[in-house]
Amino acid sequence: MRSFRDAKLMAKTLREVLASRQVRLSHSETLEIVARQFGFADWNTAAARLGEHRADPTPARGDASGVGLGSGIPILRIFDLEKAREFYLDFLGFTLDWEHRFGPNFPIYMQVSRSGLTLHLSEHHGDASPGATVFVRIKGVDAFRAELIGKDYAYSKPSIQEDAPGGRTLQVPDPFGNRIRFTQARD
């Protein structure tokens with residue numbers, strides 16, 4: 001096993017081969033199978049150990065005490081998978097990296113990413129509280145706003161706040177009460 005991407009490709013290939021034999025499995029089910037083939041308890045453990053997508057691919061460097069911290073990944077609470085996909089994938093342009101369920105009719109836990117930003121989205125009660133705010137540094141805030149407005153998403157027409165703390169800010173609320181503040185530092 002070389003990487004996280006190799007494991008994902010193996011899961012995709014497994015799903016396609018089984019589908020050709022009239023065995024239907026979801027992508028998350030095949031990810032779980034691949035994880036177990038390599039001795040991991042589940043896909044989340046495999047993804048973490050294989051070096052899944054990170055917001056900052058640079059390994060954490062230790063400080064004087066020897067402690068090295070990596071970039072955090074916010075967990076945002078969601079309540080409707082289709083609305084989450086419409087907002088995060090279609091509107092904001094994120095890519096679905098992986099999704100996980102403990103079984104049929106269980107809540108979803110998924111990872112989405114775009115251009116260095118990684119978010120976890122969870123339907124699990126207790127993982128996160130709705131109403132969170134994520135602060136994101138951005139380059140090209142005007143281009144990003146133009147992209148969003150061009151999609152003509154009925155539920156959000158964000159504008160740039162020129163005098164926000166930290167710089168020009170495009171705040172985008174999701175359908176679940178969470179807010180993402182894309183902030184470009186002042187020149």
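**View 1. The lining of the largest pocket mixes residue classes.** In this predicted model, the lining of the largest pocket has seven nonpolar, three polar and three charged residues. That makes 13 lining residues for a pocket with a volume of about 260 Å³. Look for Arg 114, Ser 115, Val 136, Arg 137 and Ile 138, which lie nearest the pocket's centre.

**View 2. Helix α2 helps to line the second largest pocket.** This pocket has a volume of about 160 Å³. Helix α2 (residues 27–37) gives the most to its lining, with four residues. Sorted by class, the lining has two nonpolar, four polar and four charged residues. Among them you can find His 100, Arg 101, Phe 102, Gly 103 and Pro 104.

**View 3. Strand β8 pairs with β5 and with β7.** Follow strand β5 (residues 133–137), which runs parallel to β8 and is joined to it by five bridges. Here Val 134 stands opposite Ile 180. Strand β7 (residues 168–173) runs antiparallel to β8, and six bridges join the two. In that pair, Pro 173 stands opposite Arg 179. β7 and β8 form a hairpin with five residues between them, and Gly 177 in the turn has a positive phi of about 95 degrees.

**View 4. Thr 183 sits in strand β8.** Is Thr 183 buried or exposed? Its relative accessible area is 1%, so Thr 183 counts as buried, the cut-off being under 20%. Its contacts include Phe 135, Val 136, Arg 137 and Ile 138. Thr 183 also touches Pro 165, Gly 166, Gly 167, Arg 168 and Thr 169.

Technical notes
Residues numbered from 1 in each chain as written. Predicted model: local features only at pLDDT ≥ 70, side-chain atom pairs only at ≥ 80, totals over all residues. Heavy atoms only, no water. Buried < 20%, exposed > 50% of the residue type's maximum accessible area, 1.4 Å probe, protein only. Contact = heavy atoms within 4.5 Å. Pairing = 2+ DSSP bridges. 1 Å grid on protein atoms, 1.4 Å probe; cavity = no way out; pocket = protein on both sides within 12 Å on 5 of 7 lines; lining within 4 Å. Points joined across faces, edges and corners; volume = space filled by probe spheres on them. Nonpolar A, V, L, I, M, F, W, Y, C, P; charged D, E, K, R; others polar. Lists of a residue's contacts leave out its neighbours within four places in sequence.
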